[in-house]
Amino acid sequence: MNRIRLSDHLILLGGVFFMVAPVALAFLTSTHDAITVYRDGLQFNFGGQFLHNYETVLTRAGGFTKEVDGLVMLKNSLILGLGFAIGKIVISMLAAYAIVYFRFPFATFFFWVIFCTLLLPLEVRILPSYEIVQGLGMVNTYSGLIVPLIASATGTFFFRQFFMSVPDELMEAARIDGAGPWKFFVDILVPLSKTMIAAIFIIMFVYGWNQYLWPTLITTEESMFTLVRGIKQIMQVWVGAQIPDFNEAMALAILAIVPPVIVVVVFQSWFVKGLVESDK
């Protein structure tokens, strides 16, 4: 039994090392100067440029316009991540509420039509989505970044399953107390769904934060660049004798990891409850 437990722990430790080692290497490399990284590659020790490098990527204006810095890109990424997650939750809850609690013809059919949109991810419909966004004048806007991403069935499916597990007696009791559809939704279903909301929020925030293809296509102004895209901007091919800023790219990559990690750590317990809890 002890040998089995030891092997289990060794496997888990190996998995942790496999996941953490690249992040640790990126962090250590980000604390060195550009010349050292360019000459020697990845670094396995802590350098002396930690504060300088991170202050540089956060506050130094760069790009072709020399008007965008890491803080601006961090703000854009937060707006994209939060806007996508919140918008997804609101749209999904309303759609699931209508499908479960409003008796209208072909409700199940319409749900499966919505569910089938999972077969059409953004990458498949990216050209028509871009044409629509451009036609509406939403290029280089936060609405253009967020709105096309929230149109999918992932959250609707989870909230539908959750609402179907809520006892019918609860709805009948609310109806007897004089609660209308909106009051029942706001005062009863939303509080009951808080763990599910937290779980969906984490998934959607991380997904929105890590978006690269859509922000690259829909934003042409540097002031709208996200942090994930900003890493690409740093990794421009050098001109003349200029050395690529690999160290700053690593620092920006580490900064891009921090907000999703904070969200996961803060909502971790709610995330687990939202996925496994069945008792209401």
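Here is a short conversation about the predicted model shown above.

Colleague: Before we start, what are the ground rules for this model?
Modeller: It is a predicted model, with residues numbered from 1 along each chain as its sequence is written, and side-chain values use heavy atoms, leaving out hydrogens and water. Local features need pLDDT of at least 70 and side-chain atom pairs count only at pLDDT 80 or more, while totals for chains, interfaces and linings use all residues.

Colleague: What is the mean pLDDT of the protein?
Modeller: pLDDT is the predictor's confidence in each residue, from 0 to 100. Of the residues here, 91% reach 70 or more, and the mean is 83.

Colleague: Which helix has the lowest mean pLDDT among the elements?
Modeller: Helices are DSSP runs (H or I, at least four residues; strands are E, at least two), numbered from the N terminus. The highest mean, 91, belongs to α7 (residues 142-146), and the lowest, 70, to helix α15 (residues 268-276).

Colleague: How many helices and strands does the protein have?
Modeller: The C-alpha trace spans about 75 × 65 × 30 Å along its principal axes. The elements in it are 15 helices and 0 strands.

Colleague: Which helix gives the largest share of the largest nonpolar core?
Modeller: A nonpolar core is a set of buried Ala, Val, Leu, Ile, Met, Phe, Trp, Tyr and Cys residues joined through side-chain atoms within 4.5 Å. The largest one has 51 residues, and those with the most contacts inside it are Y101, F159, F163, L189 and W214. Its largest share, 10 residues, comes from α4.

Colleague: Which residues does F163 touch, beyond those up to four places away in sequence?
Modeller: Contact means heavy atoms within 4.5 Å. By that rule, the partners of F163 are M93, A96, Y97, V100, Y101, L189 and S193.

Colleague: Which helix supplies the largest share of the nonpolar surface patch?
Modeller: Patch residues have over 30% relative accessible area and no salt bridge, and nonpolar side chains (Val, Leu, Ile, Met, Phe, Trp, Tyr) are joined within 5 Å. This patch, about 600 Å², is made by L78, L82, I86, V90, L94, W182 and V186. Both α4 (70-101) and α10 (181-192) supply at least two residues, but the largest share, 5 residues, comes from α4.

Colleague: Why does L78 count as partly exposed?
Modeller: Buried means under 20% relative accessible area, exposed over 50%, and partly exposed in between (1.4 Å probe, protein chains only). L78, which lies in helix α4, is partly exposed because its relative accessible area is 32%.

Notes:
Patches are made of residues with over 30% relative accessible area and no salt bridge: like charges are joined within 9 Å, nonpolar side chains (Val, Leu, Ile, Met, Phe, Trp, Tyr) within 5 Å. Accessible areas come from the Shrake-Rupley method with a 1.4 Å probe; for residues, only the protein chains shown count as cover. A salt bridge is a side-chain nitrogen of Lys or Arg within 4 Å of a carboxyl oxygen of Asp or Glu.
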